[in-house]
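Here is a short note for someone opening this structure for the first time. Please keep the sequence and the 3D view side by side while reading.

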Amino acid sequence: MRKLVVGCLVSVDGVHGEPRSWVSEYFDDEAAAKSLAALERADAMLMGRNTYEYFAPAWPRASGPYAERVNSIRKYVFSSKLASVEWRNSTLVAGDPVAAVRELKAGGDGDLVIYGYGRLARTLLEHGLVDELRVDVNPVMVGAGTPLFQPGARRPLALASVERRGPGVVTLVYVPA
């Protein structure tokens, strides 16, 4: 069975929305190499409508090994509002995300990854489908934006590891308790 890994970037004051506007100085070569290695272990990316609409305009024009992997990997976009998805290797999933992800986890060899902790990730965590939650806490106070923590069902987690990176970023890895 495939592993579902959720990775999210958050500021010290709990903001995760619009990371391109505040994370670039903390996403160093080490972070890029680790992120690329994780993508190379993955078969597919999962994303909701908001993440798709955030990523799709920028990534197809990006270059380099990381961008090449993001653009080439299979992408499943979960939305009941989008009529179609145009980004290369993207498939629209309009039905129940819990059932669809259970099916995706049962097939294939590589990991499934989600970038960001939005409604899709919260739903999958609440239904016991997330195997690893990686939270990169960045040393910046953004001051305003979409908060990481939204109301949802209680789900106990266990801290699996803590890692500090050069520019003061701390990665907290949680697994289901």
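The points below cover the nonpolar cores, two residues with polar side chains, and a pocket.

1. **Status of the model.** This is a predicted model. Please read every point with that in mind.

2. **The largest nonpolar core.** This core has 25 residues. Leu4, Leu46, Phe78, Ile114, Tyr117 and Leu124 touch the most other members. Several elements give two or more residues to the core: strands E1 (4-11), E2 (42-48), E3, E5 (111-115) and E6, along with helices H4 (97-106) and H5.

3. **A second core.** Separate from the largest core is another of 18 residues. Leu36, Met45, Val77 and Val85 are among them.

4. **Ile114 up close.** Which residues does Ile114 contact, leaving aside neighbours within four places in sequence? They are Leu4, Val5, Val6, Gly7, Leu46, Leu120, Ala121 and Leu124.

5. **Asp43.** Asp43 sits in strand E2. Is Asp43 buried or partly exposed? Asp43 is partly exposed, because its relative accessible area is 31% and the partly exposed range runs from 20% to 50%. The side chain of Asp43 reaches two backbone nitrogens: that of Asp109 at 3.1 Å and that of Gly110 at 2.9 Å. Beyond four places in sequence, Asp43 touches Arg2, Ile73, Arg74, Gly108, Asp109, Gly110 and Asp111. Check Val113 too: Asp43 and Val113 are 70 residues apart in sequence, yet their C-alpha atoms are 8.3 Å apart in space.

6. **Ser79.** Ser79 lies in the loop between strand E3 (74-78) and strand E4 (90-93). Why does Ser79 count as buried? Its relative accessible area is 6%, and buried means under 20%, so Ser79 qualifies. A polar atom of the Ser79 side chain is 3.0 Å from the backbone nitrogen of Lys81. Ser79 also touches Arg49, Leu92, Val93 and Ala94, with residues up to four places away in sequence not counted.

7. **The second largest pocket.** Its volume is about 250 Å³. The lining has 16 residues, and those closest to the pocket centre are Tyr117, Leu125, Leu133, Phe149 and Leu157. Helix H5 (119-126), strand E6 (132-138) and strand E8 (169-176) each give two or more residues to the lining. H5 provides the largest share, 3 residues. By type, the lining divides into 11 nonpolar, 2 polar and 3 charged residues.

8. **Where pocket and core meet.** Look at Tyr117 once more. Tyr117 is among the core residues that touch the most other members, and Tyr117 is also one of the residues closest to the pocket centre. Helix H5 contributes to the core and to the pocket lining.

How values were computed. Residues are numbered from 1 along each chain as its sequence is written. This is a predicted model: local features need pLDDT of at least 70, side-chain atom pairs count only at pLDDT 80 or more; totals for chains, interfaces and linings use all residues. Side-chain values use heavy atoms; hydrogens and water are left out. On a 1 Å grid over the protein atoms alone, a cavity is a set of points where a 1.4 Å probe fits but cannot get out, and a pocket is an open set with protein on both sides within 12 Å along at least five of seven lines; lining residues have an atom within 4 Å of a point. Grid points are joined across faces, edges and corners, and a volume is the space filled by probe spheres set on the points. Helices (H or I, at least four residues) and strands (E, at least two) are DSSP runs, numbered from the N terminus. Ala, Val, Leu, Ile, Met, Phe, Trp, Tyr, Cys and Pro count as nonpolar, Asp, Glu, Lys and Arg as charged, and the others, Gly among them, as polar. Buried means under 20% relative accessible area, exposed over 50%, partly exposed in between (1.4 Å probe, protein chains only). A polar contact is a pair of N or O atoms within 3.5 Å; within protein, one must be able to donate a hydrogen and the other to accept it, and residues adjacent in sequence count only if both atoms are side-chain atoms. Contact means heavy atoms within 4.5 Å. A nonpolar core is a set of buried Ala, Val, Leu, Ile, Met, Phe, Trp, Tyr and Cys residues joined through side-chain atoms within 4.5 Å.
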